[in-house]
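Visitor: I should like to look closely at one part of this model and to understand how that part sits within the whole. Could you choose a single residue as a starting point and then lead me outward from there?

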Amino acid sequence: MLERNTMVYTTVTRTISLFLVAAYLTVASTPSAFAQSRVTVVRDAEIEALISEYAQPILKAAGLSRSGIDIVLVNNRSFNAFVDGRRIFIHTGALTDAETPNEVIGVLAHEAGHIAGGHQERLRQQLQRAQTMAIVSALIGIGAGVAGAASDSRGLATAGMGMAAGGAEMARRSLLGYQRSEEATADRTAIDYLNRTGQSANGMLKTFERLAGGMALAGINVDPYQISHPMPRERIANLEELARKSRYFDRKDPPQLQLRHDMMRAKIAAYMEGGQAVQRLFRGNPRGIPARYGDAIATYLNGNPRTALQKVDALIAEMPRNAYLQELRGDILIKASRAEEAANAYARALSLAPGTPGLLQVGYGQALLATGKPDLVKKAASELQTGLSREPEFANGYRYLAQAYGQLGDIAAADLATAEGHFHLGRYQDAKIFATRAQKRMKRGTPGWLRAQDIIQYRKPG
Ligand SMILES: [Zn+2]
């Protein structure tokens, strides 16, 4: 299940200095300089697990290794990526553009190179303290009003593209603009990390070549990444020379990783653009697993659960231990109102997935809730609670938790769950209303009462 969290955020729409951006992220600024824009962040267990696997060896080589780095996927067709040491921000477009894992890994290595080089240190420090959505709207998803439009209507998106281009790009330029010398340093450092992890720099080279070429051709529709990372020809030439020197230059990604990568691309294409986009993407191999995976997802999204189920079951027969095929099976069964079978599929997905993915656990709880059977609803509340304790920012999950508590007759817990949901969507006023309501039914000093108190007393940073 690929979940979308759309948020209306104030975003920067005209040229402002680095200093102002830092101020914007920490204190409220004059509204005249900003406009409302919609940003969509997507959550998906399969994609997050894969990107985290790509990143871990590189971050370790860079000395930035930490457990549980957050992956923030921004629903945007353009190419962009940014790493702040505790989070990786990446546009879904950057993932579908990348034909191999190595291309994504190369970009992550380059970003790690910027961190290691201390580039944009002051902005980075501000960002470390900022809330995820503030960064997404101010830095990564600028012009994301365009992305928001894209999920409603493709025609609108095209119209928005031209309008958003001028102002937003000026803003990007001033937000995160690396110097040319910094680019060269980050490239060299990236190659070092790739060598140390036994990986090729070919993917990084290919990506930057493509971006540098696109700039000249496309003119106005420039990827945000190109604006912040200058790509003159001599930089690409130097990068190529260094990349080819490595003994790993011709090394390919392991076939299993490539397969997972292609399944991820199929999923993004199916969710963001539909079945035809999947077909376009896998023209060369229309009967391969990724193409059929994307097709099964598109069939499910088109409201045809019976056919989708046949398609996913055929894939499961080939890959019985793939957690995310089980998850898709669960999603389909929910749509087909077969909640208990869906719960079994999610339980299997949970047992097959690496780690303890909170997102899958929320899916499991959601299915248990849908059965409507009192003992299973009780289990739903506990699974949702645990899943959300692992993924506290997964705002959609609180809706199910509130429903579960409501069905169990625990009104105070239901109100608190609703308060949490509003809170994590940045709707602090609504959050406080529900937290206050919850508190009235709670015993003073209990964990629930204290959490409600935190929400009531919360002040926006700055
Ligand atoms: Zn760069």
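**From one buried residue outward**

Guide: Let us begin with Glu420, which is found in helix α22, the run of residues 411–424. Please keep in mind throughout that this is a predicted model. Is Glu420 buried or exposed? A residue counts as buried when its relative accessible area is under 20%; Glu420 has 11%, so Glu420 is buried. Which residues does Glu420 touch, apart from its neighbours within four places in sequence? Its contacts of this kind are Tyr398, Arg451 and Ile455.

Phe394 provides the next step. Between Glu420 and Phe394 there are 9.8 Å in space, C-alpha to C-alpha, with a separation of 26 residues in sequence. Phe394 also belongs to the lining of the largest cavity in the model. The structure holds four cavities of 30 Å³ or more, and the volume of the largest is about 100 Å³. Besides Phe394, its lining consists of Met1, Glu3, Arg43, Glu327, Asp331, Tyr346, Leu359, Leu360, Val362, Gly363 and Gln366. Two elements, α17 (323–335) and α19 (358–371), each give two or more residues to this lining. Helix α19 supplies the largest share, namely five residues. By type, the lining comprises six nonpolar, two polar and four charged residues.

One of those lining residues, Glu3, leads us to strand β1, which spans residues 3–12. Arg4 lies in this strand too. Arg4 has a relative accessible area of 31% and is partly exposed, whereas Glu420 is buried. Although Arg4 and Leu73 are 69 residues apart in sequence, their C-alpha atoms are 9.8 Å apart in space.

Leu73 falls within strand β3, which covers residues 70–74. Why can β3 be described as largely enclosed by the rest of the structure? The reason is that four of its five residues are buried. Strand β3 has a partner in strand β5 (residues 87–91): the two pair in the parallel sense, over five bridges. In this pairing, Asp70 stands opposite Arg87 of β5.

Strand β5 deserves a closer look. Five of its five residues are buried, so β5 is likewise largely enclosed by the rest of the structure. Its residues point in two directions: Arg87, Phe89 and His91 point one way, and Ile88 and Ile90 the other way. Strand β5 also pairs with strand β4 (residues 81–83), here in the antiparallel sense and over three bridges. Phe82 has Phe89 in β5 as its bridge partner. Together β4 and β5 form a hairpin with three residues between them. In that turn, Gly85 has a positive phi of about 100°.

Asp187, in helix α9 (residues 180–196), may be set beside Glu420. Asp187 is buried, with a relative accessible area of 3%. Beyond its neighbours within four places in sequence, Asp187 is in contact with His110, Met204, Phe208, Arg235 and Leu239.

We may now place these details in the whole chain. The chain contains 24 helices and five strands. Of its 462 residues, 57% are buried. Among contacts between residues at least 6 apart in sequence, 68% join residues at least 24 apart; the contact between Asp187 and His110 joins residues from such separate parts of the chain.

Lastly, some words on confidence. The average pLDDT of the chain is 83, and 81% of the residues score at least 70. Over residues 8–37, however, the pLDDT is below 50, and this stretch has 65 contacts in the model beyond near neighbours in sequence. A second stretch, residues 143–174, also stays under 50, and the model has 48 contacts for it beyond four places in sequence.

Methods: Residues numbered from 1 in each chain as written. Predicted model: local features only at pLDDT ≥ 70, side-chain atom pairs only at ≥ 80, totals over all residues. Heavy atoms only, no water. pLDDT = per-residue confidence, 0-100. Contact = heavy atoms within 4.5 Å. Buried < 20%, exposed > 50% of the residue type's maximum accessible area, 1.4 Å probe, protein only. Pairing = 2+ DSSP bridges. 1 Å grid on protein atoms, 1.4 Å probe; cavity = no way out; pocket = protein on both sides within 12 Å on 5 of 7 lines; lining within 4 Å. Points joined across faces, edges and corners; volume = space filled by probe spheres on them. Nonpolar A, V, L, I, M, F, W, Y, C, P; charged D, E, K, R; others polar.
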